[in-house]
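Dear colleague,

Please find the structure below, handed over for your use. My notes on it follow directly after.

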Amino acid sequence: MKRTTKTRLTRGSLYAIFVAAVAALVLAADWPAIQEAFFDVEIAKELFPDVVVVAAKNTIIYTAIAFAGGMVFGLVLALMKLSPVAPYRWVATAYIEFFRGLPALLVIFTFAFAVPIAFQWRPPGGNAGAGLIALIVVSAAYIAETIRAGIQAVPKGQVEAAHSLGMPGGWTMISVVLPQAFRIVIPPLTNELVILIKDTSLLFIVGMTLSQQELTTFARDGVSSVANSTPLTIAALMYLAVTLPLTRLVAYMERRGARGR
């Protein structure tokens with residue numbers, strides 16, 4: 001048997017197995033029960049407009065605050081890690097390794113409950129504010145490593161050329177290195193933004209008022225009140241409506257960057 005014929009038969013068999021598995025799943029599923037449990041139209045209607053104007057809006061606001069704070073703090077950490085002064089490098093490295101090694105949920109719990117008790121500290125915005133600070137602290141560690149990699153990816157010739165023109169080191173970093181570094185790291189930073197959108201769901205642990213609820217907390221309370229899983233489906237669709245365009249944007253930027261290189 002020719003190799004091409006054998007390849008076609010193997011590929012055809014794999015397609016047949018896939019079609020058979022899908023058909024078996026479709027035939028075996030109890031679609032009325034699934035529709036009633038996860039896609040109840042009447043319950044879905046009752047979730048609007050609150051799921052958009054409260055839960056989705058808060059999710060986007062929390063993500064924007066955490067990402068902006070993480071970017072600023074992460075940039076400082078990245079510059080510290082690249083500093084010629086050893087103590088700055090040690091502090092930045094210890095911070096990054098420490099918070100990258102901890103679960104975000106544990107950090108949120110610590111900032112929301114343990115730190116206020118230990119230091120008699122009342123976080124701005126209550127528990128939700130404490131959770132946001134924790135997200136900033138954790139995201140900064142990841143963003144710092146991304147920015148550091150971007151800075152180190154800028155060709156050294158760019159820095160040498162700036163120095164040959166008499167440009168000071170600080171101004172070289174601001175006007176030459178950082179713009180090129182951020183162009184390099186836009187795709188991974190966008191990935192970090194997508195991860196942060198989903199990490200806002202961890203804020204459910206801190207307890208929130210109705211006006212502070214993000215999508216996951218809103219869906220959890222909805223399931224409890226109606227004894228149905230439709231709120232989870234609606235929340236999932238809202239997350240996808242936000243994250244899918246961003247993931248497609250990342251893929252586009254990566255393809256564009258590959259063509260540029």
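Under the pairing rule applied here, there are 4 aromatic pairs. One of them joins Tyr-95 and Phe-99 in a tilted arrangement, with 4.6 Å between the centres and 45° between the planes. These two residues are 4 apart in helix α5 (residues 86–100), so about one helical turn separates them. Tyr-95 and Phe-99 are both buried. Phe-99 also pairs with Phe-98, this time edge-to-face, at 5.0 Å centre to centre and 90° between the planes. The burial of these two partners can be stated in figures: Phe-98 has a relative accessibility of 49% and therefore counts as partly exposed, whereas Phe-99, at 12%, counts as buried. Together with Phe-73, the residues Tyr-95, Phe-98 and Phe-99 make up one aromatic cluster.

Please bear in mind that the model is predicted. Its mean pLDDT over the chain is 86, and 93% of the residues reach 70 or more. Among the elements of the chain, α5 has the highest mean pLDDT (94), while helix α8 (residues 156–164) has the lowest (70).

I turn next to the charged side chains. The structure holds 4 salt bridges. In one of them, Lys-81 meets Glu-145, with the closest N and O atoms 2.9 Å apart. This pair links distant parts of the chain, since Lys-81 belongs to helix α4 (residues 50–81) and Glu-145 to helix α7 (residues 126–153), 64 residues apart. Both Lys-81 and Glu-145 are buried. Glu-145 forms a further salt bridge with Arg-100, where the closest N and O atoms are 3.6 Å apart. Because Arg-100 lies in helix α5 and Glu-145 in helix α7, this pair ties together parts that are 45 residues apart in sequence. Arg-100 is partly exposed, with a relative accessible area of 35%, whereas Glu-145 is buried at 14%. Arg-148 also forms a salt bridge with Glu-145, at 3.1 Å from N to O. Here the partners are 3 residues apart in helix α7, so about one helical turn lies between them. Arg-148, like Glu-145, is buried. Lys-81, Arg-100, Glu-145 and Arg-148 are thus linked in a network of salt bridges.

On the surface, Phe-18, Val-19, Val-22, Val-26 and Trp-31 make a nonpolar patch of about 500 Å². Helix α1 (residues 3–28) gives the most to this patch, with 4 residues. Phe-18 lies in helix α1 and is exposed, because its relative accessible area of 55% is over the 50% cut-off.

Two buried residues in other helices complete these notes. Thr-230 is found in helix α11 (residues 230–260) and is buried, with a relative accessible area of 1%. Neighbours within four places in sequence aside, Thr-230 is in contact with Glu-36, Ala-37, Phe-38, Phe-39, Asp-40, Ile-43 and Ala-44. Pro-187 is found in helix α9 (residues 169–199) and is buried as well, with a relative accessible area of 11%. When residues up to four places away in sequence are not counted, Pro-187 touches Val-250, Met-253 and Glu-254. The C-alpha atoms of Pro-187 and Tyr-252 are 9.0 Å apart, although 65 residues separate the two along the chain.

With kind regards

Technical notes. Residues numbered from 1 in each chain as written. Predicted model: local features only at pLDDT ≥ 70, side-chain atom pairs only at ≥ 80, totals over all residues. Heavy atoms only, no water. Patch = residues over 30% accessible without salt bridge, like charges linked within 9 Å, V, L, I, M, F, W, Y side chains within 5 Å. Areas by Shrake-Rupley, 256 points an atom, 1.4 Å probe, with all protein chains shown as cover. Buried < 20%, exposed > 50% of the residue type's maximum accessible area, 1.4 Å probe, protein only. Phe/Tyr/Trp six-rings, centres within 6.5 Å; stacked < 30°, edge-to-face > 60°. Contact = heavy atoms within 4.5 Å. pLDDT = per-residue confidence, 0-100.
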